[in-house]
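Please open the structure in your viewer and keep the selection tool at hand. The stops below are arranged so that each selection leads on to the next.

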Amino acid sequence: MIEEQIEVVKKNIAAACERSGRNFKDVSLIAVSKTKPNEILMEAYNSGIRLFGENYVQELMDKMETLPSDIEWHMIGHLQRNKVKYIVGRVSMIHSVDSVRLAEEISKESIKKNVITDILLEINVALEANKFGFTVEETYGAVLKISKMKGIRVRGLMTSAPNVEKAEENRDYFRKLKQLCVDINEKNIDNISMDTLSMGMTNDYSVAIEEGATFVRVGTAIFGARNYMNNRR
């Protein structure tokens with residue numbers, strides 16, 4: 001079942017790439033595995049998935065301890081500053097850097113552990129009150145500050161678009177994030193590469209790919225609806 005659903009998602013990714021003239025290899029699928037038990041993750045792993053995204057630090061750490069070591073873990077949920085020390089040096093990328101203060105904490109821990117941490121800045125493109133992130137207008141100033149921090153490397157931007165019935169409704173948000181990425185890249189700021197756009201989830205990942213996503217974060221379409229009764233923060 002999981003394998004079949006992954007194949008459907010991959011076919012949709014390929015189709016979106018073809019429509020937009022992109023290379024399938026330029027888009028990476030992150031399986032969003034929050035609240036899912038290890039045996040379900042192993043089904044995805046055995047189907048070829050190696051990139052997994054988690055929202056909660058404790059759950060991420062628990063899974064890291066028992067699942068295969070070649071999994072590439074991505075922190076995609078809201079990250080509290082007091083939890084940074086647990087994941088720096090252990091995750092492949094932190095997608096959800098939503099404040100300069102959080103970046104400072106990641107920098108501090110990265111220096112302490114002598115590692116370089118790849119991060120994305122979370123942008124609240126749609127200005128939703130219930131979501132974290134920089135506004136589009138705040139982003140350039142934040143980039144300038146964060147670019148000077150040691151131990152971290154800004155790789156690009158991330159957004160979580162509104163939960164809409166029709167994916168097309170989010171196209172403008174994805175397009176705006178892509179343009180923001182291009183604009184910042186043109187500034188040639190040291191330590192800022194802007195080669196990564198993390199956008200698009202189960203309901204809108206095809207549109208996100210058409211607008212330039214390099215990571216899509218897909219959970220429900222692979223694993224089914226989440227069971228929040230077993231949620232561990």
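Over which ring does the charged end of Lys187 sit? Select Lys187 together with Tyr140, and you will find that the charged end of the lysine is placed over the ring of Tyr140, 5.4 Å from the ring centre. Please bear in mind throughout that this is a predicted model, and that every distance and accessibility quoted here is computed from it.

Next, select Tyr45 and Arg50, where a second contact between a charge and a ring can be inspected: Arg50 lies over the face of Tyr45, at 3.6 Å from the ring centre. Keep Arg50 selected and add Asp70, since the side chains of these two residues also meet in a salt bridge, with an N to O distance of 3.1 Å. Arg50 belongs to the loop between α2 (38-46) and β2 (51-54), whereas Asp70 belongs to the loop between α3 (57-66) and β3 (72-75), so the salt bridge ties together parts that are 20 residues apart in sequence. If you colour by accessibility, Asp70 counts as partly exposed at 43% relative accessibility, and Arg50 likewise counts as partly exposed, at 29%.

From here, move to the strands that follow those two loops and select Phe52 and Trp73. The structure holds one aromatic pair, and Phe52 and Trp73 form it in a tilted arrangement, 5.9 Å centre to centre with 40 degrees between the planes. Because Phe52 lies in strand β2 and Trp73 in strand β3, the pair ties together parts that are 21 residues apart in sequence. Both rings belong to residues that are buried.

Now centre the view on Arg171, and add Glu210 and Glu211 to the selection. The side chains of Glu210 and Arg171 meet in a salt bridge at 2.6 Å, N to O, and this pair links distant parts of the chain, with Glu210 in helix α8 (residues 205-210) and Arg171 in helix α7 (residues 171-185), 39 residues apart. Glu211 also forms a salt bridge with Arg171, the closest N and O atoms being 2.8 Å apart; here the link runs from the loop between α8 and β8 (215-218), which holds Glu211, to Arg171 in helix α7, 40 residues apart. As for burial, Arg171 is buried with a relative accessible area of 13% and Glu211 is buried at 12%, while Glu210 is partly exposed at 22%.

To see the wider setting of these contacts, extend the selection to Arg19, Glu168 and Arg175, which are linked with Arg171, Glu210 and Glu211 in a network of salt bridges. Across the structure, the count comes to 15 salt bridges.

For the last stop, select Cys17 and Cys181. How many disulfides does the structure hold? It holds zero: for Cys17, which is in no disulfide, the nearest cysteine sulfur is that of Cys181, 17 Å away. Since a disulfide requires two cysteine sulfur atoms within 2.5 Å, a separation of 17 Å leaves Cys181 in no disulfide, with the sulfur of Cys17 as its nearest cysteine sulfur. Neither cysteine is exposed, for Cys17 is buried with a relative accessible area of 1%, and Cys181 is buried with a relative accessible area of 5%.

Terms used. Residues numbered from 1 in each chain as written. Predicted model: local features only at pLDDT ≥ 70, side-chain atom pairs only at ≥ 80, totals over all residues. Heavy atoms only, no water. Salt bridge = Lys/Arg side-chain N within 4 Å of Asp/Glu carboxyl O. Helix = DSSP H or I, 4+ residues; strand = E, 2+ residues; numbered from the N terminus. Buried < 20%, exposed > 50% of the residue type's maximum accessible area, 1.4 Å probe, protein only. Phe/Tyr/Trp six-rings, centres within 6.5 Å; stacked < 30°, edge-to-face > 60°. Lys NZ or Arg CZ within 6 Å of the ring centre and 35° of its normal.
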